[in-house]
Amino acid sequence: MAHIDYYFTTLSPFAYLADQRLERIAEAEGASITYKPLDIMALFSRTGGQAPKDRHPSRMAYRNQELRRQAKKTGMKMSFQPAHWPTNAAPSSYAIIAAQAAGGGDMGALVHGVLRACWAEDRDIAEDAVIRDCLEQAGFDPALADSGLLSGAETYAANLEEAVSVGVFGSPFYVVDSGEMFWGQDRLDDVQAHLQGKL
């Protein structure tokens, strides 16, 4: 069985625009997924990237155009200036890590629910009530928002170190077990083609 390591931040608009296509591809191609939320600002500083606030205006202008185009292309509702962005991504990331360890719910729905809360619903994904709601809606125990904080923090840090070591530098980033790497939600068709042996 093929395996996909999915590196992302819960603050990423492009991870939101991926919807649950990765999960549908994995199901169709018989692949498994490990979700690896990480500290994107630390990743940028370690791999030559810049926080959006520090990027040249021309880069941000292009980014904003691309977000509008991709949202229109997918038909997804999107707030281009979310009320709570940037915010602290750690609490939602810890909850995702705890849910993956606990099992019993829909991980794809949880990850997308957190991203949707930020990018389409103008909710603060650092707030406990929002995280609990996302957990519950995806079939997980909402108490996971409060459990495993220490192990969540350790895994969150380990995900960053692992990402740097394998060559990840952005979000969303997909690494297939063969070592083939794909950056961006617009490369999901290529992920599927690779799993099918076409790329």
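**View 1. A four-stranded open sheet, with strands in the order β2-β1-β3-β4.** In this predicted model, the four strands line up in that order with mixed pairing, and the sheet stays open. Look for the two edge strands, β2 (32-37) and β4 (181-183), each of which pairs on one side only. Going from one strand to the next, the twist averages 20 degrees.

**View 2. Zooming in on β1 and β3, which pair in the antiparallel sense.** A bit of background: strands of a sheet pair through backbone hydrogen bonds, and the pairing can be parallel or antiparallel. Here, β1 covers residues 3-8 and β3 covers residues 173-176, and four bridges link them. To see one of the matches, find Ile-4: its bridge partner in β3 is Val-176.

**View 3. Two helices, α5 and α8, lie across strands of the sheet.** Helix α5, made of residues 90-102, lies across β1 and β2. Compared with the direction of β2, α5 runs at about 150 degrees. Helix α8 lies across β1, β2 and β4, and its angle to β1 is about 110 degrees.

**View 4. Glu-161 and Arg-46 meet in a salt bridge.** Side chains of opposite charge can pair when their charged atoms come close. In this pair the N to O distance is 2.9 Å. What does the pair tie together? Glu-161 sits in helix α8 (residues 149-166) and Arg-46 in helix α3 (residues 40-47), so the salt bridge ties together parts that are 115 residues apart in sequence. Both ends are partly exposed: Glu-161 has a relative accessible area of 42%, and Arg-46 has one of 41%.

**View 5. Ser-45, another residue of helix α3.** Is Ser-45 buried or exposed? With a relative accessible area of 60%, Ser-45 is exposed, because the cut-off for that word is over 50%. A polar atom of the Ser-45 side chain lies 2.9 Å from the backbone oxygen of Ala-42. Leu-17 is a different story: Ser-45 and Leu-17 are 28 residues apart in sequence, and their C-alpha atoms are 24 Å apart in space.

**View 6. A salt bridge inside helix α7, between Arg-132 and Asp-128.** The closest N and O atoms of this pair are 2.9 Å apart. How far apart are the two residues in helix α7? They are four residues apart in this helix (residues 128-137), so about one helical turn separates Arg-132 from Asp-128. Arg-132 is partly exposed at 28% relative accessible area, and Asp-128 also counts as partly exposed, at 35%. Elsewhere, salt bridges that share partners join Arg-116, Glu-121, Arg-123 and Asp-133 into one network.

**View 7. Arg-24 and Asp-19 form a salt bridge.** For this pair, the closest N and O atoms are 3.8 Å apart. That distance still counts, because the cut-off for a salt bridge is within 4 Å. Arg-24 is partly exposed, with a relative accessible area of 47%. Asp-19 is partly exposed as well, with a relative accessible area of 29%. Counted by this rule, the model has 12 salt bridges, including the pair shown here.

Definitions and conventions. Residues numbered from 1 in each chain as written. Predicted model: local features only at pLDDT ≥ 70, side-chain atom pairs only at ≥ 80, totals over all residues. Heavy atoms only, no water. Salt bridge = Lys/Arg side-chain N within 4 Å of Asp/Glu carboxyl O. Buried < 20%, exposed > 50% of the residue type's maximum accessible area, 1.4 Å probe, protein only. Polar contact = N/O pair within 3.5 Å; in protein donor to acceptor, adjacent residues only side chain to side chain. Pairing = 2+ DSSP bridges. Axes fitted to C-alpha atoms, helices over the stretch in contact; angles between N-to-C directions. Contact = heavy atoms within 4.5 Å.
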